[in-house]
Amino acid sequence: MKKITLLLFIISHWIVAQETPQTPAVQVLARPQEDKILLRWAVDTPLAWKQANAYGFLIERSTISRNGAAVIPIEKKQLLATPLKPQPLAAWETLAQADNNAAVLAQALYGERFETTAPSNDLGTIYAVNDELEQRFTFGLLAAEQNYEAAKLAGWGFEDNTVKPGENYLYSISVAIPQEDPIVIENGSVYTSLDMFEELPKPIGFVGSFGDGAATLRWNFHLLQHLYTNYSIERSDNNQDFKPLSGVPIFNAQDPKQDKSSSLSYIDSIPNNKVFYYRVKGKTAFGETGPYSDIASGKAVKSLGFVPRISRKEIPTDSTAVLYWDFDEKGNDLITGFEVRRAHRDRGPFETVKNNIPPTARKTTVSGLKRSNYFTIVAIGKNNTSSESYTAFVQPIDSMPPAAPKGLKATLDTLGILKLKWHKNMEDDLKGYRIFTANNPDVEFTEVTKATFIGETFIDTIPIKNLNDKIYFKLKAEDKRYNRSKFSELLVVDQPNVIAPSPPIFKNYRITPQGIELEWIPSSSKGVIAHVLYRKNNRIPEALWEEIAVSENIIDSLYMDKSLTNAGIYTYTMVAKNEAGLESTPTDLLTITWKGKAIKAEAIKFSGLVNRELRFINLSWKIKDITVSEYRLYRGKAGNQLQLYKTLNGETTGYNDTNLEINSDYWYGLQLVLPNGRTSAIKEINLKY
């Protein structure tokens, strides 16, 4: 075949700045249509590409789901009876004559020699391939991406017309490698469905800017690079009849890993003072052409040709500046005059501060200087054009410090993360702030920032496990001349209490018949809001600690435990709580034996009934809420002559006395013996028989 000179081709995302992976693989794209699915694939290294073309490709389709339900087991189908290989050279003739991309692809597959001539511009770097195989590989894929029909002739594309709506598919493209061949080429796969079909969008952000004899057209390729591989531009001079600007597609020729831009641009040479209209459309790797973009229009105008240059500046006072500039006198007749524009920053935005300066003027005085002034001189052309000088920085002598910062606030959490916020100073030449802190407001503050801090929110981590309950902050503002303001108002920040208080200490106790009186030394820590007393009954093996008292008056140090009901061995402990909810460790345990409450005679209901007919006296008693081991019954002829008469078990509630003499006075006494050996007072009654 004849030698081919390639001037411009699209480089797709899968071959720009080709990097050889460890294992060659098939890369696959899919594009659903309304009634079919289009597939495109390529092998990603030259040698594997050549071998794959010789062996051919197989396509397996797996039906993953149908109408929202998973297909179990997955339905797998081979779509080709034999491997798909490049068509014979004779099959390419018609398509190659109609499209140069098909001719290039046929030459890459079948040509005896394959040579390219790289253009001399920057795009020449993309054609710097190492050898003929890489040339065939690179330009073959480039050409296939421009013509889907050619890609199908090469065995790199397939249309699946047997798909159905509601079904989701996984296509797997593999190389039909014989078993005896040791090469490895990984399969490629893609997930798609008819339900994923979307209309192609129009190009985004198409705009035009017009200069002297040229229109620069730009649009965003980044957002649609997954769809469009190249673009074509059309131009019209009446907004009706559009014609393509070039038969060569427009694409991004940069390495996507290095190119940080998101726009493509094209410069069209046009005559001045005539309106032109432009539109752009994209083309996919499957041969589809998308809709046109919005129309961009405008006209080129002759540039002014002369540019002012600020040559000198003077600052006679703190509020005025004299600017001098150069401008070729040949341009005086082309302009209406000059303007002075000013901004706070070199990048602008600029505002006009003086206009109507005569065309012959080469200096002017500007008043009302700010702390920082970036000036530019603009020549205003008679043809509505202009030219602008580079900026010149003017700053008067500045010894005036900024105002002290205001609105200082802070938050400090229990992890020690501090966030300071304040209002922004309004000075034009403000550089930033300096932050100072101290643990004592009466000592010298230490600067936290080692350099000027820029911003109005400062975040830091500070140690909070110390003995200081407050921390103090001040700010100073600093301008670009390093003038510092006075301190801001002092900010006091309460440190979160993360240290548990010290425990109270048991000092003394006293056992009484009414209960146990406890005395303690309160916790010495600051911020304590309560002392909590706990008790446990040791005679109950599974007994838990019971909270019996909370003393919120931290000065109190005495408590009488009157809630005891039964004698026993009791253990006490205490903790202190602070306002942060932290508890101290418990006090040393205090274990006390209590014999129970004293039982007075009034607590015993003791009565008797004389029965002379049957000759006995019935004695009965009732004891409430007291466990009794035994009862001791006393009898005598007088109250002071009582003697132990009977001993009865603790479950007895009465006794009949039959050992009696007629016409005698009897005194009876009843005494309780408790389980711990304690005895009650004797309850007495008098009966006459």
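Asn-239 lies in the loop between β10 (228-236) and β11 (243-244), and this briefing starts from that loop before turning to the strands, salt bridges and peptide bonds of what is a predicted model. Asn-239 is not a glycine, yet its phi is positive, at about 65°. The two strands on either side form a hairpin with 6 residues between them, and Asn-239 is in the turn.

**The β10 hairpin and its partners**

- With a relative accessibility of 34%, Asn-239 counts as partly exposed, whereas strand β10 is largely enclosed by the rest of the structure, because 7 of its 9 residues are buried.
- On the hairpin side, β10 pairs with β11 in the antiparallel sense over 2 bridges, and Arg-235 stands opposite Lys-243 in β11.
- Strand β10 is also joined to β13 by 8 bridges, and these two strands likewise run antiparallel; Tyr-228, for example, has Thr-284 in β13 as its bridge partner.
- A side-chain link accompanies this pairing, since Lys-281 forms a salt bridge with Glu-234 in which the closest N and O atoms are 3.7 Å apart.
- Lys-281 lies in strand β13 and Glu-234 in strand β10, so the salt bridge ties together parts that are 47 residues apart in sequence.
- Glu-234 itself is buried, because its relative accessible area is 7%, and a value under 20% is what the term requires.

**Backbone geometry away from the common case**

- Most residues other than glycine have a negative phi, and most peptide bonds are trans.
- Asn-273 has a positive phi near 65° although it is a residue other than glycine, and it is found in the loop between β12 (263-269) and β13 (275-284).
- Asn-273 counts as exposed because its relative accessibility is 57%, while Asn-239, at 34%, counts as partly exposed.
- A cis peptide bond joins Ile-72 and Pro-73, with omega at about -5°, and Pro-73 has its place within strand β4 (residues 69-78).
- The peptide bond from Gly-348 to Pro-349 is cis as well, with omega near 10°, but here the proline sits in a loop, between β17 (335-343) and β18 (351-357).

**Other salt bridges**

- The count of salt bridges in the model comes to 27, and a few further examples are set out below.
- Arg-635 forms a salt bridge with Asp-657, and the closest N and O atoms of this pair are 2.8 Å apart.
- This pair links distant parts of the chain, with Arg-635 in strand β39 (residues 630-636) and Asp-657 in strand β41 (residues 654-657), 22 residues apart; both Arg-635 and Asp-657 are buried.
- The side chains of Glu-339 and Arg-341 meet in a salt bridge with an N to O distance of 3.1 Å.
- Within that pair, Glu-339 counts as buried because its relative accessibility is 17%, whereas Arg-341, at 24%, counts as partly exposed.
- Lys-36, Glu-149, Lys-152 and Glu-159 are linked in a network of salt bridges.

**A buried asparagine in β35**

- Asn-578 lies in strand β35 (residues 568-578) and counts as buried, because its relative accessibility is 2%.
- The side chain of Asn-578 reaches the backbone nitrogen of Leu-582 at 2.9 Å.
- Once its neighbours within four places in sequence are left aside, Asn-578 is in contact with Asn-497, Ile-499, Pro-501, Gly-527, Val-528 and Ile-529.

**A nonpolar patch at the surface**

- Leu-170, Tyr-191 and Met-196 make a nonpolar surface patch of about 260 Å².
- Of these residues, Met-196 has its place in the loop between β7 (188-193) and β8 (204-211), and it counts as partly exposed because its relative accessibility is 41%.

Terms used
Residues numbered from 1 in each chain as written. Predicted model: local features only at pLDDT ≥ 70, side-chain atom pairs only at ≥ 80, totals over all residues. Heavy atoms only, no water. Patch = residues over 30% accessible without salt bridge, like charges linked within 9 Å, V, L, I, M, F, W, Y side chains within 5 Å. Areas by Shrake-Rupley, 256 points an atom, 1.4 Å probe, with all protein chains shown as cover. Salt bridge = Lys/Arg side-chain N within 4 Å of Asp/Glu carboxyl O. Helix = DSSP H or I, 4+ residues; strand = E, 2+ residues; numbered from the N terminus. Buried < 20%, exposed > 50% of the residue type's maximum accessible area, 1.4 Å probe, protein only. Polar contact = N/O pair within 3.5 Å; in protein donor to acceptor, adjacent residues only side chain to side chain. Contact = heavy atoms within 4.5 Å. Pairing = 2+ DSSP bridges.
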